[in-house]
Amino acid sequence: MIELHRLSAGYGGRTVLHDLSLTFHRGEVSVLLGPNGCGKSTLLRVIPRLLPAMTGEVLLDGVAAHSLNARQLAQTVAYLPQDRPVPSISALRMVLHGRFPHLSYPRRYRQEDYEIARAALRQLDAEELADLPLPRLSGGQRQKVYLAMALAQQTPYLLMDEPTTYLDIRHQFETMHLARRLAGEGRAVVLVLHDLSLAFPCADRLFLLSGGRLLASGAPEELFQSALLEQTLGVRLGRVAEEDGWHYYCKPLSP
């Protein structure tokens, strides 16, 4: 599991996260919720050491993240940020970057790496993009390629910041199903999401942040019953029962 103990972090001397303690478990989908600027993306960046903690520590299966070298960390945690550069390489070559932590010296891709990369593209319904250059792809197509790269990294922990960005409605739902499947395989999947209608059906546990502090955490039903969502996000969350379970929707609070 990923454990954050009394973690504070920020940028340029400004503290964004304040004394956070929380845990993400293997076999679960955890979703970070909160308004823009509340520290959700900052939290994800601290775990793989892309941003240093000011105070506190991160433990990965009981081992301090700062004690792992770069390769060990990349074999443990895959991180998909909101935005990525768009190099002039093929989609398959981009996905293969996810295999880099698993290569020994000299760093040459093996047949198994190509097979894993293509399998990751297939999982995202994107195998036909393999030979196309990234700059020619749409935003949604590139997002699928980046997701495939994270899958190809084959880590027990997968952190994704707004993974449904640019995706059409069908692929947004498929991404949520993928997150559930990966958790079912024993991985810990941590997502930053703004769309509550996607977050609530997918999550095992929700974490609500505001002002860099943890306001609440719990199962979706617990937060649905709480008034904190309305107070923090300024929307009313509703739901209707259908044959396959609850379907959630949001509407603005009445003026």
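Which residue in β4 does Ile-2 stand opposite? Hold that thought for a moment, while I cover the ground rules.

What we have here is a predicted model, where local features need pLDDT of at least 70, side-chain atom pairs count only at pLDDT 80 or more, and totals for chains, interfaces and linings use all residues. Residues are numbered from 1 along each chain as its sequence is written, and side-chain values use heavy atoms, with hydrogens and water left out.

Okay, back to Ile-2. Its opposite number in β4 is Leu-60. When I say strand or helix, I mean DSSP runs numbered from the N terminus: E for strands, at least two residues, and H or I for helices, at least four. Strand β1 (residues 2-11) pairs with strand β4 (residues 55-60) in the antiparallel sense, over five bridges. Two strands count as paired if DSSP finds at least two bridges between them. And a bit of textbook: strands of a sheet pair through backbone hydrogen bonds, either parallel or antiparallel.

Now zoom out to the sheet. It is open, it has four strands in the order β2-β1-β4-β5, and the pairing is antiparallel. β2 (14-24) and β5 (63-64) are at the edges with a single partner strand each, so each has one side without a neighbour in the sheet.

In the loop between β4 and β5 you'll find Asp-61. Its phi is near 50 degrees, which is positive, and this residue isn't a glycine. Asp-61 has a relative accessible area of 40%, so we call it partly exposed. The cut-offs are these: buried is under 20% relative accessible area, exposed is over 50%, and partly exposed is in between, using a 1.4 Å probe and protein chains only. Asp-125 also has a positive phi, about 55 degrees, without being a glycine. You'll see Asp-125 in the loop between α4 (111-123) and α5.

Next stop, β7. How many of the five residues in strand β7 (residues 157-161) are buried? Five of the five. Tyr-157, Leu-159 and Asp-161 point one way, while Leu-158 and Met-160 point the other way. On the pairing front, β7 pairs in the parallel sense with strand β6 (residues 77-80) over four bridges, and Val-77 stands opposite Tyr-157. β7 also pairs in the parallel sense with strand β8 (residues 188-192), over five bridges. There, Met-160 has Leu-191 as its bridge partner. Put helix α6 (residues 169-184) together with β7 and β8 and you get a right-handed β-α-β unit. Right-handed means that, with the strands pointing away from the viewer, the path from the first strand over the helix to the second runs clockwise.

Leu-191 turns up again in the core. The largest nonpolar core has 52 residues, and those with the most contacts inside it are Val-31, Leu-33, Val-145, Leu-191 and Phe-200. Helix α5 (residues 139-152) gives the largest share of this core, eight residues. A second, separate core has 29 residues, including Leu-17 and Leu-159. A nonpolar core here is a set of buried Ala, Val, Leu, Ile, Met, Phe, Trp, Tyr and Cys residues joined through side-chain atoms within 4.5 Å. As a general point, in soluble globular proteins, nonpolar side chains tend to be buried together.

Last topic: rings. Rings of Phe, Tyr and Trp (its six-membered ring) pair if their centres lie within 6.5 Å; planes under 30 degrees apart are stacked, over 60 are edge-to-face, and the rest are tilted. That rule gives four aromatic pairs. In one of them, Tyr-109 and Tyr-114 have ring centres 6.3 Å apart and planes at 75 degrees, so we call the pair edge-to-face. Phe-200 and Tyr-248 make a tilted pair, 5.1 Å centre to centre with 40 degrees between the planes. Why does this pair tie together parts that are 48 residues apart in sequence? Because Phe-200 lies in helix α7 (residues 196-202) and Tyr-248 in strand β12 (residues 245-252). Phe-200 is buried, at 3% relative accessibility, and Tyr-248 is buried at 13%.

Ring pairs also link Phe-200, Phe-224 and Tyr-248 into a cluster. Over the ring of Phe-224 sits the charged end of Arg-239, 4.1 Å from the ring centre. The charged end of Arg-239 sits over the ring of Trp-246 too, 3.9 Å from that centre. The rule for that is NZ of Lys or CZ of Arg within 6 Å of the ring centre and within 35 degrees of the ring normal.
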